[in-house]
Structures are given as structure tokens and as C-alpha cells.
Amino acid sequence: MEILSLPAVGFLVVLLSVLFLFGELLVKVKGFFGLIGILLLTFYFSFHLTSLSSMFWMGLVFAVGIGLVILDGKLLNDGTFGLIGLAMMVTAVAIPSPTFLYGLLVSSGFLIGTAASFLFLKVFPARSMWTKMTLKDRLSSEMGYNSMNAEYKGLVGGTAVALTPFRPSGTIEMNEKKYSAISAGSWIDKDTVVVVTSVDGTRIVVEEKKEESRRHPI
């Protein structure tokens, strides 16, 4: 176990332990990754902490930290508790370090392992963590999505009437429906006939139709 006195080895052990622990949280591997992570961490803490009380307190800090990460990922989804949990976990692995360089390396290993754990998502089925913050499914036509709303796309080139003044946003009426729109760089008065020049998703851009101002489209 004396090999753990080398900063490079401590870096590697912490990196791998965190890699598998967070991998367990992110993907469905039936506890296998979690077991590896816990064994590596136990190996790390048992070498650097000589008393049972110090092992208990550092283990408790680490456990509370990972608990906050799980709470954030499962329920809150805003990242606040997750960041606090990560800070507690980094503190727990850095405090037992015998030197500043060792502590710096194991802290770096922790952060690299955390980031690298997301690579498991490319191989294994994902758990429901941070589902409110991330969209796992690719938005595609095959999945029933379109980058541009089909109805709005059909508005391009059509004429409408401004129900409100545009300064520069307002409301238009087209095909007996009302839409929010924005003018193309100029103010438009109410009841002006406009043309839909472009649509970006659900953002409709209009401009005044020349020679047909103040008339409703037929």
C-alpha cells in the first residue's frame, strides 16, 4: 500500500474511484461501478487516515456530498446542491493529502473523473438524473420533432394584418389566427398589411407590404 504515497498514484486512484461512482449514478450497471468506486475510495482513505474517527468523519463528509448530488439529480435539478456536494467530496479527498502537490493532484483527479464519467452515457443506458436540465433524446423528424414548427413554416411569404403597432414586436392576424411577430427593423402601424419574410422556429419576422398598407388581405 506504500505505493499510495506517490502523488501520481493518489491521482489515479481518486480519478478511477470517482469515475466509477458517478458512472453508477449516471448509467444502469446494477451496482458494479459503485462497488469498484467504493473499494478504491476505501483503499485511499485507509492509507491516508490512521484513526477510525478520522476515517468516519471524512467518509461522512464524502457520503453527505454524494447524497446532495443524488438529491439534486433526482429531485431539484437546479445544480445548486450538486455543486455543494461536489465541493464536499473534493474536500474529503484533499484533506488527508500529505502534501499540497498531492492534494492538488487528487483534486484534479476528482474533477477529471467526474467529467469523464459522462462518457459512460454513450455506452450504457442512462438513469433518470437531471432530466429537467438536459434533453437526452435527439430532437429529430423521426422522433416527431422539427427544428421549425410546420405550421409556422407555411406562413412564409403570406400576407397578414397588424392587429397592434409593432415597436418592433406585435400581433398579426393571418388565416383567421393570431400570431406574435417581430418587424424586420422598422416600426409598423396598426392595421397595416404585412408580409411574413421568415420564420425561425416560432419566431415570425414581418415587414410592411408595399403599396397595400392599411388594407386587410383578401
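**Notes on a predicted model**

1. **S183 and its setting.** S183 sits in strand 3, which covers residues 177-183. The model is predicted. S183 has a relative accessibility of 7%, so S183 counts as buried. Its side chain also has a polar partner: a polar atom there lies 2.5 Å from the backbone oxygen of S186. Setting aside neighbours within four places in sequence, S183 is in contact with F166, P168, I188, V205 and V206.

2. **The cis bond at P168.** One of those contacts of S183 is P168. A cis peptide bond joins P168 to R167. The omega angle there is about 5°. P168 belongs to the loop between strand 1 (159-162) and strand 2 (169-174).

3. **E207 in strand 5.** Is E207 buried, partly exposed or exposed? Its relative accessibility is 40%, and a residue between 20% and 50% is called partly exposed, so E207 falls in that class. E207 is placed in strand 5, residues 203-208. Residues up to four places away in sequence are not counted in what follows: E207 touches A184, I188, V194, V195 and T197. For V194 there is also a C-alpha distance, 5.4 Å from E207. The two residues are 13 apart along the chain. I188 is worth a second look, as it is touched by E207 and is in contact with S183.

4. **The chain as a whole.** Now step back to the overall layout. The protein chain has 6 helices and 5 strands. Along the sequence the pattern reads α-α-α-α-α-α-β-β-β-β-β. The chain holds 218 residues, and buried residues make up 37% of them. Take the contacts in the chain with a separation of 6 or more: residues 24 or more positions apart account for 55% of these.

5. **Two positive phi angles.** Two loop residues deserve a check. K30 is not a glycine, yet its phi is positive, at about 60°. K30 lies in the loop between helix 1 (7-26) and helix 2. K30 is exposed because its relative accessible area is 85%. E176 is likewise not a glycine, and has a positive phi of about 65°. E176 is found in the loop between strand 2 and strand 3. At 78% relative accessibility, E176 is exposed.

6. **Aromatic pairs.** How many aromatic pairs does a search of the whole structure find? The search returns 10. One of them joins F33 and F120, with ring centres 4.6 Å apart and planes at 45°. That pair is tilted. The link spans distant parts of the chain, with the two positions 87 residues apart: F33 is in helix 2, while F120 is in the loop between helix 5 (100-116) and helix 6 (150-153). Both F33 and F120 are buried. Y44 and F45 make another pair, and this one is edge-to-face. Its centres are 5.5 Å apart, and the planes meet at 70°. Y44 and F45 are both buried as well.

7. **An aromatic cluster.** F33 and F120 also belong to an aromatic cluster. Its members are F20, F32, F33, F120 and F124.

8. **The second largest pocket.** The volume of this pocket is about 230 Å³. Which residues line the second largest pocket? They are L21, I38, L41, T42, F45, M55, G59, F62, A63 and I66. F45 appears here again: it lines the pocket and pairs with Y44. Helix 2 (32-48) and helix 3 (52-76) each provide at least two of the lining residues. Which helix gives the most to the lining? Helix 3 does, with 5 residues. By class, the lining has 8 nonpolar residues, 2 polar ones and no charged ones.

9. **Where to look.** Three places repay a reader's attention. In helix 2, F33 pairs with F120. In strand 3, S183 is buried and is in contact with P168, the residue joined to R167 by a cis bond. At the second largest pocket, the lining has no charged residues.

How values were computed:
Residues numbered from 1 in each chain as written. Predicted model: local features only at pLDDT ≥ 70, side-chain atom pairs only at ≥ 80, totals over all residues. Heavy atoms only, no water. 1 Å grid on protein atoms, 1.4 Å probe; cavity = no way out; pocket = protein on both sides within 12 Å on 5 of 7 lines; lining within 4 Å. Points joined across faces, edges and corners; volume = space filled by probe spheres on them. Helix = DSSP H or I, 4+ residues; strand = E, 2+ residues; numbered from the N terminus. Nonpolar A, V, L, I, M, F, W, Y, C, P; charged D, E, K, R; others polar. Phe/Tyr/Trp six-rings, centres within 6.5 Å; stacked < 30°, edge-to-face > 60°. Buried < 20%, exposed > 50% of the residue type's maximum accessible area, 1.4 Å probe, protein only. Polar contact = N/O pair within 3.5 Å; in protein donor to acceptor, adjacent residues only side chain to side chain. Contact = heavy atoms within 4.5 Å.
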